[in-house]
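Me: I would like to learn how to read this structure feature by feature, starting with charged side chains. Could you take me through it slowly?

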Amino acid sequence: MARHEEFMRAALKLARKGLGMTSPNPSVGAVIVRNGRVVSSGWHRKAGLPHAEIEALSGTPEGLKDAVMYVTLEPCCHHGRTPPCTEALKRSGIGKVVIGALDPNPQVSGKGAGALKRAGIEVVSGVLEEECMAVNEAYRSYIRRRTPFVTLKLASSLDGRIATSTGESRWITGPPARKRVHSLRSLSDAVMVGKRTVERDDPELSVRLARGKDPVRVVLDSALLTPASARVYGGVRDGKARLVFFVTSRASSSRVKKARENGAEVIRVAASGKGVSVRSVLRELGKREITSVLVEGGGELAASLIGAGLVDKYVLFYGPVIIGGDGKPSVASIGVKGLGKAPRLERVVARALGNGVVVEGYPAGKEG
């Protein structure tokens with residue numbers, strides 16, 4: 001089992017290379033081992049390109065009866081954008097396949113492993129299962145619910161303020177935190193903010209890293225008051241970036257027309273209170289195969305998501321500064337009257353990041 005785990009960790013390392021690029025498919029890595037040595041490897045690089053198993057098989061010689069493939073997720077057995085990986089494995093003559101985790105997709109789950117067994121291939125599953133599923137937490141969540149996995153990112157002072165009383169917020173956190181945020185964006189299908197964040201910070205919501213793709217920019221703006229000069233429009237007019245506004249009946253047809261002329265997509269959804277219904281927004285994004293959303297602000301949007309139980313993961317950045325009670329809170333009122341009713345986190349990890357701290361955790365008791 002120790003060698004199984006060693007080679008599965010090598011496959012996991014490859015799987016992580018595909019994060020942010022394979023949606024709506026999972027990120028998968030595979031290695032082929034012969035006589036205790038890795039002879040070929042591969043990972044799923046992008047949706048529509050060959051899967052990890054095919055990449056690994058393409059680099060091996062014929063005659064794999066004595067070889068073992070380690071793959072982080074169960075090989076697919078259905079036709080999608082690419083042919084079934086199980087068929088390629090059967091044709092390869094490989095003698096054994098070790099699977100990290102079964103695919104939660106009902107089209108595959110257990111069926112891929114079953115197809116290999118029926119073909120006479122020895123199958124072992126459940127090796128580093130939790131780690132293999134953690135790589136694809138957004139994919140697993142999306143397959144089950146058909147709505148995006150929601151990561152709420154908040155950047156605040158040590159006392160939980162995102163801005164001073166005058167609205168000043170740059171920069172509460174330091175360069176290491178901002179670099180980490182760009183990494184989070186590159187791993188997400190979409191990044192979401194509310195209209196007030198656009199007004200206050202005028203963010204571009206792009207990824208400024210040497211490597212990494214820009215996510216879809218999503219703005220919740222019930223009346224569609226975001227001006228065409230806002231930085232979220234950067235790269236949209238020439239087709240280099242995608243911008244989606246979610247609006248309600250408050251948005252005039254002339255504003256909708258103007259936004260569309262400037263390259264944005266505009267989607268009308270139901271209203272909730274003074275803004276848009278976040279549940280409706282997530283359902284619409286799910287229909288468009290957006291599997292993961294990074295929510296970056298502000299306090300009202302954060303409160304709406306937390307109050308509705310829609311947050312799947314928290315990433316909280318704390319800068320080394322104290323603003324005080326007259327500053328703007330990172331989360332608006334969620335109606336908590338007693339600590340017993342307050343949302344709690346589990347699987348919490350905290351670590352230093354520059355002079356600040358980043359805390360990651362998951363809502364207690366919520367299934368993925």
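Reply: Let us begin with one charged pair: the side chains of Glu360 and Lys313 meet in a salt bridge, with 3.8 Å from N to O. This pair links distant parts of the chain, since Glu360 is in strand β18 (residues 356-363) and Lys313 in strand β15 (residues 313-318), 47 residues apart. Please keep in mind throughout that the model is predicted.

Me: Are Glu360 and Lys313 buried or exposed, and which residues are joined with them into one network?

Reply: A residue counts as buried under 20% relative accessible area, and both Glu360 and Lys313 are buried. Salt bridges that share partners join these two with Glu137, Arg180 and Arg351 into one network.

Me: How many salt bridges does a search of the whole structure find, and where does the pair Glu204 and Arg231 sit in the chain?

Reply: The search of the whole structure finds 23 salt bridges. In one of them the side chains of Glu204 and Arg231 meet, at 3.6 Å from N to O. This pair also links distant parts of the chain, because Glu204 is in the loop between α8 (195-201) and β9 (216-220), whereas Arg231 is in the loop between β9 and β10 (243-247), 27 residues apart. Glu204 is partly exposed, with a relative accessible area of 25%, and Arg231 is partly exposed as well, at 34%.

Me: What does Glu265 pair with?

Reply: Glu265 forms a salt bridge with Arg242, and the closest N and O atoms are 3.4 Å apart. Here, too, distant parts of the chain are linked, with Glu265 in strand β11 (residues 265-268) and Arg242 in the loop between β9 and β10, 23 residues apart. Glu265 counts as partly exposed at 26% relative accessibility, and so does Arg242 at 36%.

Me: Several strands have now been named. How should I read a sheet, and in what order do the strands of the open sheet lie?

Reply: With a sheet, it helps to look at the order of the strands, then the edges, then the twist. In this case 9 strands form an open sheet in the order β11-β10-β9-β8-β14-β6-β15-β18-β17, and the pairing is mixed. The edge strands are β11 and β17 (345-353), each of which pairs on one side only, and the twist averages 20° from one strand to the next. Within the sheet, strand β6 (residues 149-156) and β15 run parallel and are joined by 6 bridges, and Ser156 stands opposite Tyr318 in β15.

Me: Which helix packs on the sheet, and which strands does that helix touch?

Reply: Helix α6 (residues 137-145) packs on the sheet and touches β6, β14 (292-297), β15 and β18, and its direction makes about 130° with that of β6.

Me: How do I read the two faces of a helix, and which residues of α7 are buried?

Reply: An α-helix has 3.6 residues a turn, so residues three or four places apart point the same way. Helix α7 (residues 175-187) has 13 residues and reaches 19 Å from its first C-alpha to its last, close to the 18 Å expected at 1.5 Å a residue. The buried residues in α7 are Ala177, Val181, His182, Leu184, Arg185 and Ser186. What covers them includes β6, β14, β15 and β17.

Me: Turning to loops, what does the side chain of Asn105 do?

Reply: For a polar residue in a loop, one can look at its burial and then at its partners. Asn105 is found in the loop between β4 (96-101) and α4 (111-118), and is buried, with a relative accessible area of 10%. A polar atom of the Asn105 side chain lies 3.0 Å from the backbone nitrogen of Gln107. Leaving aside neighbours within four places in sequence, Asn105 is in contact with Tyr139 and Ile143.

Me: Finally, where is the backbone unusual enough to deserve a second look?

Reply: The peptide bond from Ser23 to Pro24 is cis, with omega near 5°, and Pro24 is in the loop between α1 (2-17) and β1 (29-34). Leu205 has a positive phi of about 65° although it is not a glycine; Leu205 is found in the loop between α8 and β9 and is buried, with a relative accessible area of 1%. Glu289, in the loop between α10 (278-287) and β14, likewise has a positive phi, near 60°, but Glu289 is partly exposed, with a relative accessible area of 39%.

Terms used:
Residues are numbered from 1 along each chain as its sequence is written. This is a predicted model: local features need pLDDT of at least 70, side-chain atom pairs count only at pLDDT 80 or more; totals for chains, interfaces and linings use all residues. Side-chain values use heavy atoms; hydrogens and water are left out. A salt bridge is a side-chain nitrogen of Lys or Arg within 4 Å of a carboxyl oxygen of Asp or Glu. Helices (H or I, at least four residues) and strands (E, at least two) are DSSP runs, numbered from the N terminus. Buried means under 20% relative accessible area, exposed over 50%, partly exposed in between (1.4 Å probe, protein chains only). Two strands pair if DSSP finds at least two bridges between them. Axes are lines fitted to C-alpha atoms, for helices over the stretch in contact, and angles run from 0 to 180 degrees between N-to-C directions. Contact means heavy atoms within 4.5 Å. The expected span of a helix is 1.5 Å times one less than its number of residues. A polar contact is a pair of N or O atoms within 3.5 Å; within protein, one must be able to donate a hydrogen and the other to accept it, and residues adjacent in sequence count only if both atoms are side-chain atoms.
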